[in-house]
Amino acid sequence: MQKFSLNKNLIVAVVLSQLLLAAGLVIVGASFSLYYIRSAFDVYLRGRARSVAALVYYRDDGIPGLLFNATKVPESPHVIHKDFYLVKSDRGNFEWHAPGFDPHIFDAIPANARYWDFRHGGRMYRAIILRRVVILDTEPGEPLPLPTLTVIYAAPTMDIEHEIT
């Protein structure tokens with residue numbers, strides 16, 4: 001006949017419950033960390049997209065149309081895997097994109113998506129899509145209604161993956 005040890009069973013139960021609690025806390029902590037890092041990355045994308053949108057301006061010579069000051073685009077923090085963007089007018093007469101990349105990659109974006117995760121060049125990217133962005137510049141004589149912009153800005157997410165591990 002085996003002896004039943006209450007102390008041994010209590011110790012095993014307490015140790016197992018502590019291990020489960022620790023595992024649960026690690027999982028919850030990692031989930032919250034991922035959520036806040038992704039939220040911070042989304043704020044970064046939003047700021048970069050708005051700064052690119054601010055570089056669109058009306059022509060100063062009175063001819064209707066839009067121009068883009070590409071010399072003031074913020075540098076990508078990544079040397080190898082660069083951020084890229086696409087800016088286009090709702091009128092269809094203006095489109096500008098980052099040099100050296102094919103803007104047709106954005107053709108696969110779902111219709112009403114605000115964010116889009118995709119793979120490009122072997123790396124994961126996240127894009128923000130800002131629709132109906134008002135042009136900050138004003139110029140007298142522009143025909144109404146004034147055009148609005150769609151701005152798509154994408155950056156590699158390898159920093160997010162690195163922060164979690």
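A residue counts as buried when its relative accessible area is under 20%. With that cut-off in hand, Ser76 is a good place to begin a tour of this predicted model. Its relative accessibility is 17%, so Ser76 falls on the buried side. Ser76 sits in the loop that joins strand E2 (66-68) to strand E3, and its side chain comes to 3.0 Å from the backbone nitrogen of Asp83. Once neighbours within four places in sequence are set aside, the contacts of Ser76 are Arg48, His81, Lys82 and Asp83. The loop between E2 and E3 also holds Lys72. Unlike the buried Ser76, Lys72 is exposed, with a relative accessible area of 58%. From Lys72 to Glu95 there are 23 residues along the chain, and their C-alpha atoms are 17 Å apart.

Two of the residues that Ser76 touches, Lys82 and Asp83, turn up again at the largest pocket of the model. This pocket encloses about 320 Å³ of space. Its lining is made up of 18 residues, and those closest to the centre are Lys82, Asp83, Phe84, Ala98 and Pro99. By residue type, the lining of the largest pocket comprises eleven nonpolar, four polar and three charged residues.

Phe84, one of the residues closest to the centre of the pocket, leads on to the aromatic residues. A pair of aromatic rings is described by the distance between the centres and the angle between the planes. The structure contains 14 aromatic pairs. In one of them, Phe84 is paired with Tyr125 in a tilted arrangement, with 5.0 Å from centre to centre and 40 degrees between the planes. Phe84 belongs to strand E3 (residues 84-89) and Tyr125 to strand E6 (residues 123-134), so this pair ties together parts of the chain that are 41 residues apart in sequence. Both partners, Phe84 and Tyr125, are buried.

A further pair is formed by Phe106 and Phe118, this time edge-to-face, with centres 6.3 Å apart and planes at 85 degrees. Phe106 lies in the loop between strand E4 (95-97) and strand E5 (115-120), while Phe118 is in strand E5 itself; the pair therefore ties together parts that are twelve residues apart in sequence. Phe106 and Phe118 are both buried. These rings also belong to a wider group: Phe84, Phe101, Phe106, Trp116, Phe118 and Tyr125 are linked by ring pairs into a cluster.

Strand E6, which contributes Tyr125 to the tilted pair, also contains Arg132. The backbone of Arg132 is worth a look on screen: Arg132 has a positive phi of about 55 degrees, although it is not a glycine. Whereas Tyr125 is buried, Arg132 is exposed, with a relative accessible area of 65%.

Arg132 is also among the contacts of Thr148, a list that, with neighbours within four places in sequence left out, reads Lys88, Ser89, Asp90, Arg132 and Val133. Thr148 is located in strand E7 (residues 148-156). At 18% relative accessibility, Thr148 counts as buried. One of its contacts, Asp90, is found in the loop between E3 and E4. Seen from Asp90, and again leaving out neighbours within four places in sequence, the contacts are Pro147 and Thr148. The C-alpha atom of Asp90 is separated by 26 Å from that of His120, which is 30 residues away along the chain.

The tour ends at helix H1, which spans residues 6-53 and includes Gly24. Gly24 is partly exposed, its relative accessible area being 30%. Asn7 is found in helix H1 too, and at 58% relative accessibility Asn7 counts as exposed. Two distances help to place these helix residues relative to other parts of the chain. Gly24 and Leu146, separated by 122 residues in sequence, are 54 Å apart from C-alpha to C-alpha. For Asn7 and Gly122, which are 115 residues apart along the chain, the C-alpha separation is 56 Å.

Key: Residues numbered from 1 in each chain as written. Predicted model: local features only at pLDDT ≥ 70, side-chain atom pairs only at ≥ 80, totals over all residues. Heavy atoms only, no water. Phe/Tyr/Trp six-rings, centres within 6.5 Å; stacked < 30°, edge-to-face > 60°. Helix = DSSP H or I, 4+ residues; strand = E, 2+ residues; numbered from the N terminus. Buried < 20%, exposed > 50% of the residue type's maximum accessible area, 1.4 Å probe, protein only. 1 Å grid on protein atoms, 1.4 Å probe; cavity = no way out; pocket = protein on both sides within 12 Å on 5 of 7 lines; lining within 4 Å. Points joined across faces, edges and corners; volume = space filled by probe spheres on them. Nonpolar A, V, L, I, M, F, W, Y, C, P; charged D, E, K, R; others polar. Polar contact = N/O pair within 3.5 Å; in protein donor to acceptor, adjacent residues only side chain to side chain. Contact = heavy atoms within 4.5 Å.
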